[in-house]
Amino acid sequence: MVAMTQLRVGERAKIVDLSRVSDLVKRRLLDMGVTEGAEICLKCTMPLGGPFMIENCGQCVGIRRNEAMNIQVKPL
Amino acid sequence: MMHIALVGNPNTGKTSLFNQLTGTYEYVGNWSGVTVEKKVGVLRNKQAKVIDLPGVYSLHPLSRDERVVTQFLLTESFDEILNIVDASQLERNLLLTVQLLEFGKPLAIALNMVDVAEGRGIFIDQTKLATMLRVPVVPVIARTGKGCDQVEHLLLEKATEQTEPLALFYGGTMERAIERFRAAWGTEEKFPVRWLAIQFYEGNSYVRDYVAEKLPEATWRSLYEQAEKEVQQAEQMPPAQFIYERRRSFVKEIIEQSVQRKEIERVTLTDRIDAVVTNKYVGIPIFLLAMYVLFQLTFDWLGAPLSDLLDAFFAGPLTNVVTAMLETIGASEFIRALIVDGIIAGVGGVLVFVPQIFILFFFISFLEDSGYMARVALVMDRLMEAVGLNGKAFIPLIIGFGCNVPGVMAARTIEQPRERLVTMLLTPLMSCSARLPVYALFVGAFFATHQALVVLSLYVLGVLLALILAKLFSLTILKEEASVFVVELPPYRMPQWQALWRSTWDKGKGFVKKAGTFIFGGSVAIWLLSYVGPHGVNVNMDDSFLAMIGGVLAPFLAPLGFGTWQAGAALLTGFLAKEVVVSTMNIIYHVPDVESLQGLMASHFTPLSAFSFMVFVLLYVPCLATVATIYKETRSRKWTMFSIGYALVLAYIVSFVIYQVGSLFGF
Ligand SMILES: Nc1nc2c(ncn2[C@@H]2O[C@H](COP(=O)(O)OP(=O)(O)OP(=O)(O)O)[C@@H](O)[C@H]2O)c(=O)[nH]1
Ligand SMILES: [Mg+2]
């Protein structure tokens with residue numbers, strides 16, 4: 001189990017733990033179907049500590065790096 | 001008349017369907033949060049009213065636009081819900097459907113984007129879906145209008161049916177909590193009690209406020225706390241999450257039975273575009289390049305030659321024909337002067353810029369409809385974070401380049417109230433299309449060789465000042481909350497020509513309309529003021545009322561380099577709409593076309609003071625329509641006054657510095 005920030009671009013992983021993500025962001029992630037157990041793929045990252053773009057079931061979502069750091073995933 | 005509400009997730013094509021059903025045009029774009037307020041239309045056969053709403057993921061609102069939907073469902077009367085479901089994202093769309101079914105209003109599902117779903121290998125058995133959910137389902141493609149007729153038929157038949165709210169079983173602990181709520185609530189029947197209870201336990205703030213009005217605080221608090229404790233104990237999770245999980249497993253079951261997936265393992269077009277556009281290293285350069293191309297096309301490559309043609313037409317053939325016509329009908333000198341020197345000079349002087357403005361709007365529409373807008377939010381987030389905002393604030397700013405009013409409105413999708421407020425306050429610094437005529441006039445006169453560069457510098461100045469002020473505001477007056485950022489990135493779609501044209505026209509027509517109303521009226525009024533003075537009519541313009549009014553301001557403007565009554569009068573009228581500055585100048589300098597005006601202005605301005613004047617026009621007070629929108633959106637007189645006040649101060653300081661420092665260096 002690693003933080004999402006440890007993934008390489010293009011790598012797939014399963015989300016294990018979202019509990020440390022801030023409430024507002026967690027609500028939005030749930031809204032878009034990014035929950036514990038969901039399979040995601042890290043699409044790209046922006047430079048200088050910029051946001052991460054992840055894909056889940058054909059849907060792409062952008063989140064900040066500090067939130068991604070709090071998401072625990074299991075690489076597949 | 002029957003009222004039908006369109007409800008669905010963001011960016012699922014609600015407004016596209018609305019446009020098809022009503023035959024009108026409302027704002028469509030390919031990102032989440034295009035529609036931010038309720039819009040009412042009438043079905044083409046005039047039998048029912050249709051209400052388009054912002055997109056929501058659930059009935060529990062987080063941002064201002066989502067509140068509109070919950071508020072609508074709870075406080076307004078309507079007969080039926082048309083739930084728009086994105087077939088390519090069935091799971092998260094049906095999570096909302098479950099909540100709507102629990103709400104118990106008659107409901108029909110329009111299964112949209114079936115073309116996209118099929119492209120991804122998702123095939124939905126709509127009859128199966130309809131039987132499992134016990135509501136009618138119609139597949140549609142809102143973009144092309146396929147299936148919209150069936151939707152219309154269905155809507156009109158459906159109204160008579162009475163539906164029972166869906167009663168999804170939430171498990172023993174939760175059901176007991178719902179029963180306790182029911183007992184405390186009593187018999188009030190406005191909404192299904194079960195629905196209220198579930199939304200209440202889920203933490204829906206809007207519903208909680210509603211419940212708190214009816215129940216004593218101690219009662220509802222203990223209801224909530226008891227449920228929280230019991231659910232946590234039994235299920236090891238908070239009630240909101242438990243409810244979510246339960247709905248999700250229900251939805252999964254339905255999907256399992258009604259959806260067939262064909263594994264199509266391929267790299268989509270979106271993937272390929274994103275590999276470049278959101279690339280770590282070239283993402284930001286590509287965005288800057290896109291902005292530069294947009295700008296060059298509007299001002300240099302395409303827009304400027306077209307505007308010149310139109311200007312030549314107004315100044316030559318049109319003026320001649322009108323003058324000849326007025327002569328043949330024997331119009332008085334007064335009428336001739338009013339029409340030729342007042343209206344043609346004033347209104348024509350602004351209409352000349354129609355080609356440039358339409359080109360600008362065309363490209364903004366293209367950005368909106370292609371799906372690039374959300375990528376801009378992603379790419380710019382790091383920079384925006386540094387100034388205390390988030391990437392989504394960039395969307396209102398870009399829209400603001402077209403017109404500040406929809407820019408301010410677009411800030412509704414920003415979740416954090418503080419970030420939303422700062423974005424609204426700063427959007428007026430974006431150089432909107434109405435300021436473009438002013439720049440064009442001045443750069444043509446004073447910077448003939450570097451036109452595009454000088455105008456570009458004004459746009460960049462606006463953005464830079466907005467970023468600096470964002471930082472300043474976040475550090476001082478608005479520093480409580482931390483910034484957050486989550487953005488949904490839709491797949492790219494090739495915009496259709498027709499849709500692009502509709503959208504361009506919809507934005508651009510405001511400019512033409514303003515020319516026919518505001519600027520027309522303003523031109524007549526200004527011309528009259530310049531024609532009449534304390535000593536009679538047809539006076540020398542320097543003795544007119546206009547000169548007197550403008551003269552009051554002149555001394556204050558002198559340190560900025562343009563202390564003439566003409567500049568004062570033009571700026572004063574520019575508060576109505578910034579284009580009026582140009583109309584006023586055309587009338588004051590009393591010339592037939594833009595070219596001779598530019599020649600004449602050379603005696604009143606130097607290049608430096610002209611630049612200082614343009615900067616002042618860029619920054620000083622938002623136009624009347626923008627101020628009204630800021631007031632409507634903030635509902636605060638204080639912030640509205642602030643938006644005017646800070647802009648004035650900023651404009652004065654920046655122009656002062658530019659002029660004084662420039663003078664020191666001998667420009
Ligand atoms: N391929 C395809 N695209 C569609 C369809 N319906 C809508 N679109 C596109 O989807 C995008 C979003 O459409 P809108 O009508 O603005 O969606 P909305 O639900 O009103 O969005 P919000 O107001 O942001 O909630 C636009 O780019 C449409 O052209 C469809 O059936 N198929
Ligand atoms: Mg919409």
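**A sheet shared between chains A and B**

In the predicted model, seven strands form an open sheet with antiparallel pairing, in the order β1(A)-β6(A)-β2(A)-β3(A)-β4(A)-β5(A)-β9(B). The edges of this sheet are held by β1 of chain A, residues 2-3, and by β9 of chain B, each of which pairs on one side only. At the chain A edge, β1(A) runs antiparallel to strand β6 of chain A (residues 72-75), and two bridges join them. Within this pairing, A3(A) is placed opposite Q72(A) of β6(A).

At the other edge, the pairing crosses from one chain to the other. Strand β5 of chain A, which spans residues 59-63, is joined to β9(B) by four bridges in the antiparallel sense. In this pairing V61(A) faces E488(B), a residue of β9(B). Inside chain A, a salt bridge links R12(A) to E55(A), with the closest N and O atoms 3.4 Å apart. R12(A) belongs to strand β2 (residues 12-17) and E55(A) to strand β4 (residues 52-56) of chain A, so the pair ties together parts that are 43 residues apart in sequence. Over all chains, the count of salt bridges comes to 32.

The interface as a whole was then examined. Chain B contributes 32 residues to the contact and chain A contributes 29 residues. The area buried between the two chains is about 2900 Å², and carbon and sulfur atoms account for 55% of this area. Side chains of opposite charge can pair when their charged atoms come close. Five salt bridges are found across the interface of chain B and chain A. A salt bridge joins the side chains of R64(A) and E385(B), with an N to O distance of 3.7 Å. Between chain B and chain A, 14 residue pairs, both residues at pLDDT 80 or more, are in polar contact.

On the side of chain B that touches chain A, two or more residues are supplied by each of the elements α11 (239-258), α12 (269-277), α17 (372-386) and β9 (486-489) of chain B. Helix α17(B) gives the most to this side, namely five residues. By residue class, the side of chain B that touches chain A comprises 11 nonpolar, nine polar and 12 charged residues.

Chain B also contains an open sheet of six strands, ordered β2-β3-β1-β4-β5-β7, in which the pairing is mixed. Strands β2 (39-42) and β7 (137-139) of chain B lie at the edges with a single partner strand each, so one side of each is left without a neighbour in the sheet. On average, neighbouring strands of this sheet are turned by 25 degrees against each other, direction ignored.

At one edge of the chain B sheet, β7(B) pairs in the parallel sense with strand β5 of chain B (residues 107-112) over three bridges. Here A110(B) has V138(B) of β7(B) as its bridge partner. Helix α3 of chain B, residues 90-103, packs on the sheet and touches β1 (2-8), β4 (80-86) and β5 of chain B. The direction of α3(B) makes about 165 degrees with that of β4(B).

At the other edge, β2(B) pairs with strand β3 of chain B (residues 48-52) in the antiparallel sense, over four bridges. The bridge partner of K39(B) in β3(B) is D52(B). Together, β2(B) and β3(B) form a hairpin, and five residues lie between the two strands. In the turn of this hairpin, K46(B) has a positive phi of about 65 degrees.

Note on methods. Residues are numbered from 1 along each chain as its sequence is written. Chains are lettered from A and ligands numbered from 1 in the order in which they are written. This is a predicted model: local features need pLDDT of at least 70, side-chain atom pairs count only at pLDDT 80 or more; totals for chains, interfaces and linings use all residues. Side-chain values use heavy atoms; hydrogens and water are left out. Contact means heavy atoms within 4.5 Å. Buried area is the accessible area (1.4 Å probe) that two parts lose on being put together, summed over both. A salt bridge is a side-chain nitrogen of Lys or Arg within 4 Å of a carboxyl oxygen of Asp or Glu. A polar contact is a pair of N or O atoms within 3.5 Å; within protein, one must be able to donate a hydrogen and the other to accept it, and residues adjacent in sequence count only if both atoms are side-chain atoms. Ala, Val, Leu, Ile, Met, Phe, Trp, Tyr, Cys and Pro count as nonpolar, Asp, Glu, Lys and Arg as charged, and the others, Gly among them, as polar. Two strands pair if DSSP finds at least two bridges between them. Axes are lines fitted to C-alpha atoms, for helices over the stretch in contact, and angles run from 0 to 180 degrees between N-to-C directions.
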